[in-house]
Amino acid sequence: MSDMQEFLEIPKDFVKDGTQFLTRCTKPDQREFIQISKAVGVGFLVMGAIGYLIKLIHIPVNNILVGAA
């Protein structure tokens, strides 16, 4: 019976931890939201630049390899 009790306790602990987490969470204020938005925007720009550079290098290399065949 101890195994069954332990098995039923896992979801209870999960729900308890989840409710504790949600009650501690707070909505970001305007300054924090703007800071997060800027960080995400910079991340998008960096990833886009990296993708563009890879594509810029890939096109001529691909033409050399395919054109040689």
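A helix here is a DSSP run of H or I covering at least four residues, with numbering from the N terminus. Gln30 sits in one of these, helix 2. Keep in mind that the whole model is predicted.

**Figure 1. The whole chain: two helices and zero strands.**
Start with the overall picture. The C-alpha trace of the protein chain spans about 75 × 45 × 5 Å along its principal axes. How does the radius of gyration look beside that of a compact globule? A compact globule of 69 residues would come out near 11 Å, but this protein chain has 26 Å. Now for burial: 0% of the 69 residues in the protein chain are buried. The accessible surface adds up to about 6800 Å², and carbon and sulfur atoms account for 70% of it. As for charge, the protein chain carries 7 positive and 7 negative charges, and their mean positions are 16 Å apart.

**Figure 2. A negative patch with residues from helix 1 on show.**
Which residues form the negative surface patch? They are Asp3, Glu6, Glu9, Asp13 and Asp17. Let's take three of them in turn. Asp3 lies in helix 1, the stretch covering residues 2–24. Asp3 has a relative accessible area of 65%, so it is exposed, since the cut-off for that word is over 50%. Glu6 is found in helix 1 too, and at 54% relative accessibility Glu6 also counts as exposed. Asp17 is another helix 1 residue. Is Asp17 exposed or partly exposed? With a relative accessible area of 45%, Asp17 is partly exposed, because that value falls between the 20% and 50% cut-offs.

**Figure 3. Distances that begin in helix 1, at Glu6 and Asp3.**
Go from Glu6 to Gln20 and you move 14 residues along the chain, while their C-alpha atoms are separated by 21 Å. Now try Asp3 and Ile34. How far apart are their C-alpha atoms? The separation is 49 Å, for two residues that are 31 residues apart along the chain.

**Figure 4. Gln30, an exposed residue of helix 2.**
Helix 2 covers residues 30–68, and Gln30 belongs to it. Why call Gln30 exposed? Its relative accessible area is 62%, and anything over 50% earns that label. From Gln30 to Leu53 is 23 residues in sequence, and the two are 35 Å apart in space, C-alpha to C-alpha.

**Figure 5. A nonpolar surface patch that includes Met47.**
What makes up the nonpolar surface patch? Val42, Val46, Met47, Ile50 and Ile54 do, and together they give a patch of about 480 Å². Zoom in on Met47, which lies in helix 2. With a relative accessible area of 57%, Met47 is exposed, as the value is over the 50% cut-off.

Definitions and conventions
Residues numbered from 1 in each chain as written. Predicted model: local features only at pLDDT ≥ 70, side-chain atom pairs only at ≥ 80, totals over all residues. Heavy atoms only, no water. Patch = residues over 30% accessible without salt bridge, like charges linked within 9 Å, V, L, I, M, F, W, Y side chains within 5 Å. Areas by Shrake-Rupley, 256 points an atom, 1.4 Å probe, with all protein chains shown as cover. Salt bridge = Lys/Arg side-chain N within 4 Å of Asp/Glu carboxyl O. Buried < 20%, exposed > 50% of the residue type's maximum accessible area, 1.4 Å probe, protein only. Lys, Arg positive; Asp, Glu negative; His and termini not counted. Charge placed at Lys NZ, Arg CZ, Asp CG, Glu CD. Rg over C-alpha atoms; globule rule 2.2 N^0.38 Å.
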